[in-house]
Amino acid sequence: QITTVSGNEFLLQSDIDFLILDWFHAIKNAIDRLPKEQSCTSRNLEFKLKRSSSIELLNSLDTESKEPKAEHRKSLIFRLNYSASDTNDRNRVKSRLKKFISRRPSLKTLQEKGLIKDQIFGSHLHLVCEHENSTVPQFVRLCIEAVERRGLDVDGIYRVSGNLATIQKLRFVVNQEEKLNLDDSQWEDIHVVTGALKMFFRELPEPLFPYCFFEQFVEAIKIPDNAIRIKSIKRLVKKLPRPNYETMKILFEHLKKIAAKESVNLMSTQSLGIVFGPTLLRPEKETGNMAVHMLYQNQIVELMLSEYSKIFGSEED
């Protein structure tokens with residue numbers, strides 16, 4: 001998945017590992033060839049996109065307005081002579097805005113008063129489960145149930161993207177309302193449901209496979225002997241925090257049902273590994289080995305789907 005500076009998002013997918021590597025190197029080379037010095041346009045764009053507090057943005061606007069370009073100075077002076085009262089009005093508005101923003105209550109205060117509810121998207125998995133008094137988020141269960149009711153036979157399920165605007169609308173509804181009916185006509189496109197479920201896992205502050213387990217899973221998937229590799233993966237899965245383990249178990253059981261319908265939906269375990277690998281596990285800090293990590297991420301998900309009964313079964317080693 002690629003996100004450009006202007007906010008456009010592109011999703012490139014393939015079942016062929018060497019083709020993915022070719023794409024990665026081509027994109028990396030294109031980025032490396034970009035000019036190092038940023039143009040004026042890119043600086044303006046960065047200003048619009050950078051994360052700043054509201055007061056900082058107002059101050060920045062003040063600074064920019066105090067430094068007009070030379071070629072516009074004459075026309076600016078002309079306008080100021082005829083709009084002094086307008087300028088005073090704008091200054092008063094800015095001053096009041098600053099006072100309002102500086103006095104606004106904190107997010108914690110609003111949550112304590114019940115004005116803002118705890119968010120589902122973007123919250124830590126264990127916090128969502130604690131809030132719901134469960135081990136698997138209710139939203140995850142609802143999505144899985146909806147897909148299994150009406151999406152198992154859909155071509156490209158989980159690979160095909162849903163309408164992003166509708167997915168964002170569903171995200172908003174989940175964060176604001178306690179009751180959710182995914183059989184409502186506005187969510188009739190099953191790709192919207194699968195897109196929202198993937199977004200939920202993608203926006204977890206710490207992925208379903210916790211950061212501290214990432215390297216251990218990568219080392220386990222590298223083991224040549226298949227039986228030992230499966231046992232190593234199983235031991236790591238058993239060590240996961242309970243919300244992670246239970247959510248992972250129900251998710252992989254669901255994905256196994258998707259793969260069982262491969263002849264109809266064209267989603268093999270390898271295809272699901274490509275879709276969910278980078279979403280469910282990733283390193284805390286990206287390094288130059290991103291392309292290699294991507295292959296291991298896909299392989300881990302693929303193995304856990306293929307050997308689901310052995311990895312999540314109750315029998316001991």
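This report describes the overall make-up of one protein model, then a patch on its surface, and finally two residues with unusual backbone angles.

The model is predicted rather than determined by experiment. The protein contains 17 helices and two strands, and of its 317 residues, 34% are buried. If one considers the contacts between residues at least 6 apart in sequence, 72% of them join residues that are at least 24 apart. The surface that the protein exposes amounts to about 19600 Å², of which carbon and sulfur atoms supply 52%.

On that surface, Val93, Leu97 and Phe100 make a nonpolar patch of about 300 Å². One of these residues, Phe100, belongs to helix α5, which covers residues 84-103. Phe100 counts as exposed because its relative accessible area is 59%, and the cut-off for that word is over 50%.

Two further residues deserve a careful look at their backbone. Asn133 has a positive phi of about 55° although it is not a glycine, and Leu266, which is likewise a residue other than glycine, has a positive phi near 60°. The table sets out where each is found and how accessible it is.

| Residue | Loop between | Relative accessible area |
|---|---|---|
| Asn133 | α7 (125-132) and α8 (138-150) | 72% |
| Leu266 | α14 (262-265) and α15 (269-280) | 49% |

Is Leu266 exposed or partly exposed? Leu266 is partly exposed, because its relative accessible area is 49% and the exposed class requires a value over 50%. Asn133, with a relative accessible area of 72%, is therefore described as exposed.

Note on methods. Residues are numbered from 1 along each chain as its sequence is written. This is a predicted model: local features need pLDDT of at least 70, side-chain atom pairs count only at pLDDT 80 or more; totals for chains, interfaces and linings use all residues. Side-chain values use heavy atoms; hydrogens and water are left out. Patches are made of residues with over 30% relative accessible area and no salt bridge: like charges are joined within 9 Å, nonpolar side chains (Val, Leu, Ile, Met, Phe, Trp, Tyr) within 5 Å. Accessible areas come from the Shrake-Rupley method with a 1.4 Å probe; for residues, only the protein chains shown count as cover. A salt bridge is a side-chain nitrogen of Lys or Arg within 4 Å of a carboxyl oxygen of Asp or Glu. Helices (H or I, at least four residues) and strands (E, at least two) are DSSP runs, numbered from the N terminus. Buried means under 20% relative accessible area, exposed over 50%, partly exposed in between (1.4 Å probe, protein chains only). Contact means heavy atoms within 4.5 Å.
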